[in-house]
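Visitor: I would like to learn how to read a structure like this one. Could you take me through the main features in turn?

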Amino acid sequence: MKDLAWIDLALTAARPQAMGALLRYFRDLDTAEEAFQEACLRAIRTWPDKGPPRDPTAWLIFVGRNSGVDQIRRTARNTALPDEEVLSDLSDAEADMAERLDGSHYRDDILRLMFICCHPDLPATQQIALALRIVSGISVAQIARAFLVSESAMEQRITRAKARVAKAGLPFEAPGAVERTERLGPVAAMIYLVFNEGYSAGATNADIAALCGEAIRLARLLLRIFPGEPEIMGLAALMLLQHSRRDTRYDAAGQIVLLEEQDRSLWDRRQIEEALALLDKAIRHRQPGPYQVQAAIAALHARAAKAEDTDWSEIELLYQLLERLNPSPVVSLNRVVAISKVRGASEALSMLEPLGEALDGYFYFHGVKGALLGQTGDTKEAREAFGRAIALARSPAEAAHIRHELDRLGESGA
Amino acid sequence: MLYAILCYANEETVFAWSKEEEAAVMGRLNAVQEPLARAGKLGPTGRLMPTTAATTVRKGKDEPLVIDGPFAETKEALLGFYTIDVETLDEAIAFSKELSAVNPGSTSYEIRPFYVFHPKGSPA
């Protein structure tokens, strides 16, 4: 069993590059997936006896390519020949493996594999599902559990997403420098979607929570092939910092624990240190972007040994910068929270007012409003705001948290 | 002789370990180091962060170049190191074999004798 667990990790690690290369050969997602699957089965049969090959990825690509070619030949006897383009590409694939792996193909293969999951026609949930299936190789059953749908429903969802991607045409031409950079943005956004799916899951669902670790793995992979991109460093740092708090965000009963009340000694120091190192690297580039700024904000929380030590005025400045880079009412709401810490609840409330229209349907807006009104002693209006928040809560834990706030309001006796 | 034992691994697998896998491997590795530590032969040990956290300063024509990423793009990256003070190379090899046996993530251990410059961390 120990052997198999080890092989499983090796196959998972090799998957994006191997799948990317097989997709380039076969130009068809299903064929590439079947070829990779077949190569994995052979690895499980032969590696335990012979030991892992020196370069497992090259081994999987080579074996997968051969099995895919066999499959196409078998099918070809029963159906029409594949079109000329596919055939000529196969003969091209006979070229020396090692040379191909060392080439720049490698980077573009992985980027392409990730990029096709970000097609703008695909809704966010389909992008996430497709990435988890195609890039990460997570089983349909496990993805279905994470999304709380049946396996057949998830199977259908992924099949539909694949069809849509195929219909749009897979981008096989080697991208130029500009296209490469253009692809990075959507890919980074997709990875952050995967992370947030896991982050917002709450304490109870381990299948969803695992998505955070997977997103971090994908970001490291992307950073390894684009080592000089400050926004990818920022994204990785941001996710590491948020994930470092995973054991403290909920109490034993599954209730939300706010940042200031979390037990900071339980934050994952290793992840924090890695994130701070990445952020330092990113800042040297002097190209601030939304991920870097959000990571810098999270880093200020991570650097504060106690909640009281938090540098809120610096956080407020960073939210100002984020408002300029990435204007959105939600960012402004976060800035209002920082302002309340620096300049008090009354000033924060006056800045909250203009956001009301845009954020009226947003849980956090009413939660923040209730808390600020509570601080200024306006208990009646605070209750009203908290009531709105409960109505808009997206999970029982969120609703329970606001009820707790309401109870505190009562205790203060105002 | 002072040896650095340099552990090489595929970092994609090592940094994908679950908490439980990580704890199990570290437990076994600590057990291997225990006898050496008791004999006073074990120096500082460390794990390197992923190569994505690395920066390389490379000689340029004029100013040295600062490059994001590791010194070399390889399948196997330097993952961590042990420093030991043992009598013979055989002892260093035996120690490395034991480490290798309990760490499924490692691919190679390079045993490299080293000169000590600043044992207390000060050049003075």
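Visitor: How many residues does the contact take from chain B and from chain A?

Guide: This is a predicted model. In it, chain B gives 26 residues to the contact and chain A gives 26 residues. About 2,200 Å² is buried between the two chains, with 52% of that on carbon and sulfur atoms.

Visitor: Which three residues supply the most of the area that chain B buries against chain A?

Guide: They are Glu12(B), Thr52(B) and Asp68(B), which supply 30% of that area, more than any other three residues.

Visitor: How do I read the cavities, and how many of 30 Å³ or more does a search of the whole structure find?

Guide: A cavity is a space where a 1.4 Å probe fits but cannot get out. The search of the whole structure finds two of 30 Å³ or more, and the largest has a volume of about 80 Å³.

Visitor: Which residues line the largest cavity?

Guide: From chain A the lining takes Pro16(A), Arg217(A), Leu218(A), Arg220(A), Leu221(A) and Arg224(A). From chain B it takes Glu11(B), Glu12(B), Phe15(B) and Ala16(B). Glu12(B) is also one of the three residues named for the buried area of chain B.

Visitor: Which element supplies the largest share of that lining?

Guide: Helix 11 of chain A does, with five residues. That helix spans 206–225, and together with helix 1 (11–14) of chain B it belongs to the elements that each supply at least two lining residues. By residue type, the lining of the largest cavity divides into five nonpolar, no polar and five charged.

Visitor: Turning to the fold, what pattern does chain B follow along the sequence?

Guide: Chain B reads β-α-α-β-β-β-β-α-β, with three helices and six strands. Its C-alpha atoms fill a box of roughly 50 × 40 × 25 Å along the principal axes.

Visitor: How do I read a sheet, and what is the order of the four strands in the open sheet of chain B?

Guide: A sheet is read by asking which strands pair; here a pair needs at least two bridges. In chain B the order is 2-5-1-6, with antiparallel pairing. The edge strands, each pairing on one side only, are strand 2 (42–47) and strand 6 (106–113) of chain B. From one strand to the next, the twist averages 20°.

Visitor: Over how many bridges do strand 2 and strand 5 of chain B pair?

Guide: Four, in the antiparallel sense, with strand 5 of chain B covering residues 77–85. Thr45(B) has Tyr82(B) in strand 5 of chain B as its bridge partner.

Visitor: Which strands of chain B do helix 2 and helix 3 lie across?

Guide: Helix 2 (residues 19–38) of chain B lies across strand 2 and strand 5, at about 165° to strand 2 of chain B. Helix 3 (residues 89–102) of chain B lies across strand 1 (2–9), strand 2, strand 5 and strand 6, at about 160° to strand 6 of chain B.

Visitor: What joins strand 3 of chain B to strand 4 of chain B?

Guide: A hairpin, through six residues. Strand 3 (residues 55–58) and strand 4 (residues 65–68) of chain B pair antiparallel over four bridges. Within this pair, Thr56(B) stands opposite Ile67(B), and Thr55(B) stands opposite Asp68(B). Asp68(B) also belongs to the three residues that supply 30% of the area chain B buries against chain A.

Terms used: Residues numbered from 1 in each chain as written. Chains lettered and ligands numbered in written order. Predicted model: local features only at pLDDT ≥ 70, side-chain atom pairs only at ≥ 80, totals over all residues. Heavy atoms only, no water. 1 Å grid on protein atoms, 1.4 Å probe; cavity = no way out; pocket = protein on both sides within 12 Å on 5 of 7 lines; lining within 4 Å. Points joined across faces, edges and corners; volume = space filled by probe spheres on them. Nonpolar A, V, L, I, M, F, W, Y, C, P; charged D, E, K, R; others polar. Axes fitted to C-alpha atoms, helices over the stretch in contact; angles between N-to-C directions. Contact = heavy atoms within 4.5 Å. Buried area = accessible area lost by both parts, 1.4 Å probe.
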